[in-house]
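This note sets out some points on the model for a colleague at the bench. Please read them beside the sequence and the structure shown here.

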Amino acid sequence: MPCSLCTKEQLTLLEGVLNEYHEISGQGKVTQKEAIITRLTQKFVTVHHENDIEATKKLQNFVKNWLNNQSQELTDEEEYFQKTNWFMVFTSENTN
């Protein structure tokens with residue numbers, strides 16, 4: 001899905017680190033993800049916004065949200081329908 005808020009170069013950078021971002025696991029994964037976000041944000045910052053803290057924070061939030069949204073694994077339909085919990089069992093047993 002194309003990103004309307006970023007340029008083609010920025011989108012290429014985001015897609016380039018997507019696999020690295022997705023494969024991070026284990027201890028210290030939060031700091032590793034933050035390092036990737038900070039690295040990308042520094043590449044995105046233009047000369048005009050270099051000292052604008054608010055614009056930099058918005059850009060960091062954008063990068064973080066984009067990476068999180070794109071790195072989520074999609075579950076297949078069968079796996080989704082096989083998940084049950086006590087509430088689903090209770091409601092199916094007690095429906096009229």
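The numbered points below go from the overall fold to single helices, residues and salt bridges.

1. Overall fold. The model is predicted. The protein chain holds 5 helices and 0 strands, and the order along the sequence is α-α-α-α-α. Of its 96 residues, 21% are buried. Where contacts link residues at least 6 apart in sequence, 57% of them join residues at least 24 apart. The chain exposes about 8100 Å², with 52% of that area supplied by carbon and sulfur atoms.

2. Geometry of helix 1. This helix runs over residues 8-22, which is 15 residues, and at 1.5 Å a residue it should span 21 Å; the C-alpha atoms at its ends are 21 Å apart, so the expected and modelled values agree. Helix 1 nevertheless has a kink of about 25 degrees, centred on Gly16.

3. Buried face of helix 1. Gln10, Leu11, Leu14, Val17, Leu18 and Tyr21 are the buried residues of this helix. Their cover includes helix 2 (29-44) and helix 3 (53-71). An α-helix has 3.6 residues a turn, so residues three or four places apart point the same way.

4. Ile36. This residue belongs to helix 2. Its relative accessibility is 3%, and because buried means under 20%, Ile36 counts as buried. Leaving out residues up to four places away in sequence, Ile36 touches Val17, Glu20, Tyr21, Ile24 and Leu67. Val17 and Tyr21 are among the buried residues of helix 1. From Ile36 to Lys64 there are 28 residues in sequence, and their C-alpha atoms are 9.2 Å apart in space.

5. Thr41. Helix 2 also contains Thr41, which counts as buried at 3% relative accessibility. Apart from neighbours within four places in sequence, Thr41 is in contact with Thr56, Leu59, Gln60 and Val63.

6. Salt bridges between helices. How many salt bridges does a search of the whole structure find? The search gives 3. Side chains of opposite charge can pair when their charged atoms come close. In one salt bridge, the side chains of Arg39 and Glu20 meet at 3.5 Å, N to O. Arg39 is in helix 2 and Glu20 in helix 1, so this pair ties together parts that are 19 residues apart in sequence. Arg39 is partly exposed, at a relative accessible area of 35%, and Glu20 is partly exposed at 40%. In another, the side chains of Lys64 and Glu34 meet at 3.7 Å, N to O. Lys64 is in helix 3 and Glu34 in helix 2, so the pair ties together parts that are 30 residues apart in sequence. Lys64 counts as partly exposed at 34% relative accessibility, and Glu34 counts as partly exposed at 34%.

7. Salt bridge within helix 3. The side chains of Lys58 and Glu54 meet in a salt bridge at 3.7 Å, N to O. Both residues lie in helix 3, 4 residues apart, which is about one turn of the helix. Lys58 and Glu54 are both exposed.

8. Surface patch. Trp86, Phe87 and Phe90 form a nonpolar patch on the surface, and together they have about 420 Å² of accessible area. Is Trp86 buried or exposed? Its relative accessibility is 67%, and since exposed means over 50%, Trp86 counts as exposed. Trp86 lies in helix 5, residues 86-93.

Note on methods
Residues numbered from 1 in each chain as written. Predicted model: local features only at pLDDT ≥ 70, side-chain atom pairs only at ≥ 80, totals over all residues. Heavy atoms only, no water. Helix = DSSP H or I, 4+ residues; strand = E, 2+ residues; numbered from the N terminus. Expected span 1.5 Å × (residues − 1). Bend = angle between axes of the 7 residues up to and from the residue. Buried < 20%, exposed > 50% of the residue type's maximum accessible area, 1.4 Å probe, protein only. Contact = heavy atoms within 4.5 Å. Patch = residues over 30% accessible without salt bridge, like charges linked within 9 Å, V, L, I, M, F, W, Y side chains within 5 Å. Areas by Shrake-Rupley, 256 points an atom, 1.4 Å probe, with all protein chains shown as cover. Salt bridge = Lys/Arg side-chain N within 4 Å of Asp/Glu carboxyl O.
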